[in-house]
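Trainee: I have a new structure open and I'd like to go through it with you. Could you help me find my way around?

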Amino acid sequence: MAKEKEPARGARTVATNRKARHEYFIEETYEAGIVLTGTEIKSVRAGKISLQEGFVLVKNGEAWLLNVNIAPYEQGNRFNHEERRDRKLLLNRREINALYEAATRRGYTIVPLRVYINERGRAKVEIGVARGKQLHDKRDTIARRESERNLRRVLKGDW
């Protein structure tokens, strides 16, 4: 009997928030579990998630992921989930307190950076404590990235 091919193991990124790294300086990052319903996890595994306008709010000693869109599961029936509901994040007490302190400082916010499925098949969210960039900061970042790209090109000999 032929041996069936096993599915790939290991962490797999499902969605990233590329805009977050453009709009913010990421000071520190945390890994958090996320409480999902049955149809939500199936949509996440299918990659039907958008982090673009998402943010994290700490209220009543709990961390919540807000404004993240998880599309309805296509094979779901009348028990399908709501697209933009508040989802609880699973962090330990010290991490929640650190996030609360960071979020209450002026100019800081907490944004989701990526959602991935870990080795055990659990959905995880990488969140970052972020400080907003000004327009000149964004221009400096773009100029630095282009100069590094040109330097690599010259060193490689493709110029």
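Trainee: Let me start with one residue: is Glu40 buried or exposed?
Mentor: Glu40 counts as buried, because its relative accessibility is 0%. Please keep in mind throughout that this is a predicted model.

Trainee: OK, and which residues are linked with Glu40 in a network of salt bridges?
Mentor: The network links Glu40 with Arg85 and Arg87. The side chains of Arg85 and Glu40 meet at 2.7 Å, N to O, and those of Arg87 and Glu40 meet at 2.9 Å, again N to O.

Trainee: Where do Arg87 and Glu40 lie, and what does the pair tie together?
Mentor: Arg87 lies in strand S7 and Glu40 in helix H2, so this salt bridge ties together parts of the chain that are 47 residues apart in sequence. As for Arg85, its place is in the loop between strand S6 (69-70) and S7, so its pairing with Glu40 joins parts that are 45 residues apart.

Trainee: What about the arginines themselves, buried or exposed?
Mentor: Arg87 is buried, as Glu40 is, whereas Arg85 counts as partly exposed because its relative accessibility is 23%.

Trainee: How many salt bridges does the structure hold?
Mentor: There are 7 salt bridges in the structure. One of them is formed by the side chains of Lys88 and Glu62, which meet at 3.1 Å, N to O. That pair links distant parts of the chain, with Lys88 in strand S7 and Glu62 in strand S5, 26 residues apart. Lys88 counts as partly exposed because its relative accessibility is 30%, and Glu62 falls in that class too, at 27%.

Trainee: Switching to the sheet now, what is the order of its strands?
Mentor: It is an open sheet of 7 strands with antiparallel pairing, and the order is S1-S8-S9-S2-S7-S5-S4. The strands at the edges are S1 and S4, each of which pairs on one side only, and from one strand to the next the twist averages 45 degrees.

Trainee: S7 keeps coming up, so how many bridges does S7 share with S2?
Mentor: S2 and S7, the latter covering residues 87-90, pair in the antiparallel sense over 2 bridges. If you would like a place to look, Gly33 has Leu90 in S7 as its bridge partner.

Trainee: And which strands does H2 touch?
Mentor: H2 packs on the sheet and touches S1, S7, S8 and S9, with its direction at about 80 degrees to that of S8. Helix H3 lies across S2, S4, S5, S8 and S9, and H3 runs at about 135 degrees to S8.

Trainee: Now the largest nonpolar core: which residues touch the most other members?
Mentor: This core has 28 residues, and those touching the most other members are Val44, Ile49, Leu89, Leu99 and Ile127. Several elements give two or more residues to the core, among them helix H2 (38-45), helix H3 (93-104) and strand S8 (108-117). The largest share comes from S9, with 4 residues.

Trainee: Can we zoom in on Leu99, and which residues is Leu99 in contact with?
Mentor: Leaving aside neighbours within four places in sequence, Leu99 is in contact with Tyr30, Val58, Leu91, Ile110, Ile127 and Val129.

Trainee: Last topic, the loops: where does Asn17 lie?
Mentor: Asn17 lies in the loop between S1 and helix H1 (18-23), and it is buried, with a relative accessible area of 5%. The side chain of Asn17 reaches the backbone oxygen of Leu51 at 3.2 Å. Not counting residues up to four places away in sequence, Asn17 touches Leu51, Gln52, Pro112 and Leu113.

Trainee: And Lys48, what does Lys48 touch?
Mentor: Again not counting residues up to four places away in sequence, Lys48 touches Ser43, Asn69, Ile70, Ala71 and Glu74. Lys48 is placed in the loop between H2 and strand S3 (49-50), and it counts as partly exposed because its relative accessibility is 39%. You could also look at Lys48 together with Val14, since the two are 34 residues apart in sequence and 8.4 Å apart in space, C-alpha to C-alpha.

Note on methods: Residues are numbered from 1 along each chain as its sequence is written. This is a predicted model: local features need pLDDT of at least 70, side-chain atom pairs count only at pLDDT 80 or more; totals for chains, interfaces and linings use all residues. Side-chain values use heavy atoms; hydrogens and water are left out. A nonpolar core is a set of buried Ala, Val, Leu, Ile, Met, Phe, Trp, Tyr and Cys residues joined through side-chain atoms within 4.5 Å. Buried means under 20% relative accessible area, exposed over 50%, partly exposed in between (1.4 Å probe, protein chains only). Contact means heavy atoms within 4.5 Å. Two strands pair if DSSP finds at least two bridges between them. Axes are lines fitted to C-alpha atoms, for helices over the stretch in contact, and angles run from 0 to 180 degrees between N-to-C directions. A salt bridge is a side-chain nitrogen of Lys or Arg within 4 Å of a carboxyl oxygen of Asp or Glu. A polar contact is a pair of N or O atoms within 3.5 Å; within protein, one must be able to donate a hydrogen and the other to accept it, and residues adjacent in sequence count only if both atoms are side-chain atoms.
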